[in-house]
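Here are my notes on the model, point by point. Please read them with the structure open.

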Amino acid sequence: MEGPLYWILFNAFVLVALALDLGVFHKRDAVPTVKSSLLWTLFWIVLSLVFCGGVYVWMDHGKALDFLTCYLLEKSLSIDNLFVFILLFNAFKIPAEYQHRVLFWGILCAIVLRAVFIFAGAAIVSSFSWTMYIFGAFLIYSGVKSGIPEKKSANPDEESGAIRVVKKFLHISEVIDGHNFFTKLNGKVVATPLLAALVVIEMSDIMFAVDSVPAALSVTTDAFIVYTSNIFAILGLRQLYFAISGIMWRFRYIKYALAGILTFIGVKMCFNELSKELAWGVEISNVASLTVIVVLVTAAMIASSLKK
């Protein structure tokens, strides 16, 4: 874990970036164009690589490789979030011009949640090394389960459990009141569909964090590297959503790549921990992890593009 100065500077950068995003660049409610979204996506990718270069210069090449591996791992797994965003915005009928605001606050909350998960996970792994087996087994289970084709619902319009829970505990108006999360209905303050979508997004992010954080901890237990790589992947997620939301059908096989990645990372966690205990002197390296991630995601995207 790095010194306090690194944490202060990085979090200050994140706060400034978010303030500029909502207060300057996206002050007005509008649908981002595909071109601007692609440029912003490229900007965040380049910025992440620049940060990786800074890690290489001011820390060492090993931590730079750890950052890059964690970043690509989190970026790959976060593709699942994009599918969830599309489903939720359709379910709550959120107009495209208000989706960016919902995602902004969703990602702000996600940053806080990820910090809690990462600190807790790193502390647990550092204190109890045997928990690596539990995390590894869970990732293998998640990978195998997500790779099994799901049975189609008899009712395609059936709401998910998370949506039903939110509607049970929140009095939600059917009316969209601009970009507001609350509105008045018959003299009472009620939630708008935007707030309902935001709550479900946060619920889904908790589920994604359960997979992604242990996976990142398999690469390194350095909380600073795991945290910064996670945040950089999350910060560019909104722009990536608007850039490719219209062609998400082209990613039909990506779930199988993600299933393979989770399974591989789970096996790696268990194998490397066992190797340490038995002093085998052999482990699955982060270079191997990086290679598997790139190969599986690339293969899935090529296969998806070839599927008519």
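1. **Starting point.** This is a predicted model. The protein chain has 12 helices and two strands. From the N terminus on, the order of elements is α-α-α-α-α-α-α-β-β-α-α-α-α-α. Of its 308 residues, 46% count as buried.

2. **The strands.** Strand β1 covers residues 182–185 and strand β2 covers residues 188–191. They pair in the antiparallel sense, over four bridges. One pairing to check is T183, whose bridge partner in β2 is V190. The hairpin has two residues between its strands. In this hairpin N186 takes a positive phi, near 55°.

3. **Other positive phi values.** Two loop residues deserve a look. K93 is not a glycine, yet its phi is positive, about 55°. K93 sits in the loop between α4 and α5. With a relative accessible area of 66%, K93 is exposed. A279, also a residue other than glycine, has a positive phi near 55°. Its place is the loop between α11 (254–278) and α12. A279 counts as exposed, at 67% relative accessibility.

4. **The second largest pocket.** What is its volume, and which residues lie nearest its centre? The volume is about 420 Å³. The lining has 20 residues, and L72, K75, S76, I79 and V297 lie nearest the centre. By class, 16 lining residues are nonpolar, three are polar and one is charged. Helices α2 (34–58), α3 (61–77), α4 (79–91), α10 (237–244) and α12 (286–306) each supply at least two residues of this lining.

5. **L72.** This pocket residue lies in helix α3. L72 counts as partly exposed, because its relative accessibility is 25% and the buried class stops under 20%. The C-alpha atoms of L72 and A233 are separated by 7.9 Å. Along the chain, these two residues are 161 residues apart.

6. **Helix α10.** Is α10 buried or exposed? Eight of its eight residues are buried, so α10 is largely enclosed by the rest of the structure. The buried residues of α10 are L237, R238, Q239, L240, Y241, F242, A243 and I244. Helix α10 supplies at least two residues of the lining of the second largest pocket. L237 lies among the residues nearest the centre of the largest cavity.

7. **The cavities.** The count comes to three cavities of 30 Å³ or more. The largest cavity holds about 120 Å³ of space. Its lining has 15 residues, with N81, F85, I107, D205 and L237 nearest the centre. Helices α4, α5 (96–127) and α8 (193–217) each supply at least two lining residues. The largest share, five residues, comes from α5. By class, the lining divides into seven nonpolar, four polar and four charged residues.

8. **Aromatic pairs.** How many aromatic pairs are there? The count comes to 23. One of them joins W7 and F224, edge-to-face, at 5.3 Å centre to centre and 75° between the planes. This pair links distant parts of the chain: W7 is in helix α1 (residues 4–25) and F224 in helix α9 (residues 223–235), 217 residues apart. W7 is buried, with a relative accessible area of 12%. F224 is buried too, at 2%. Another edge-to-face pair is F104 with W105, at 5.2 Å centre to centre and 90° between the planes. F104 counts as buried, at 4% relative accessibility. W105 counts as partly exposed, at 32%.

9. **The ring cluster.** Ring pairs link Y6, W7, F10, F13, F51, F67, Y71, F119, F224, Y227 and F232 into a cluster. W7 and F224, the pair described above, are both members.

10. **A charge over a ring.** Which ring does K255 sit over? The charged end of K255 sits over the ring of Y256. The distance from the ring centre is 5.7 Å.

Terms used:
Residues are numbered from 1 along each chain as its sequence is written. This is a predicted model: local features need pLDDT of at least 70, side-chain atom pairs count only at pLDDT 80 or more; totals for chains, interfaces and linings use all residues. Side-chain values use heavy atoms; hydrogens and water are left out. Two strands pair if DSSP finds at least two bridges between them. On a 1 Å grid over the protein atoms alone, a cavity is a set of points where a 1.4 Å probe fits but cannot get out, and a pocket is an open set with protein on both sides within 12 Å along at least five of seven lines; lining residues have an atom within 4 Å of a point. Grid points are joined across faces, edges and corners, and a volume is the space filled by probe spheres set on the points. Ala, Val, Leu, Ile, Met, Phe, Trp, Tyr, Cys and Pro count as nonpolar, Asp, Glu, Lys and Arg as charged, and the others, Gly among them, as polar. Rings of Phe, Tyr and Trp (its six-membered ring) pair if their centres lie within 6.5 Å; planes under 30 degrees apart count as stacked, over 60 as edge-to-face and the rest as tilted. Buried means under 20% relative accessible area, exposed over 50%, partly exposed in between (1.4 Å probe, protein chains only). A charge sits over a ring if NZ of Lys or CZ of Arg is within 6 Å of the ring centre and within 35 degrees of the ring normal.
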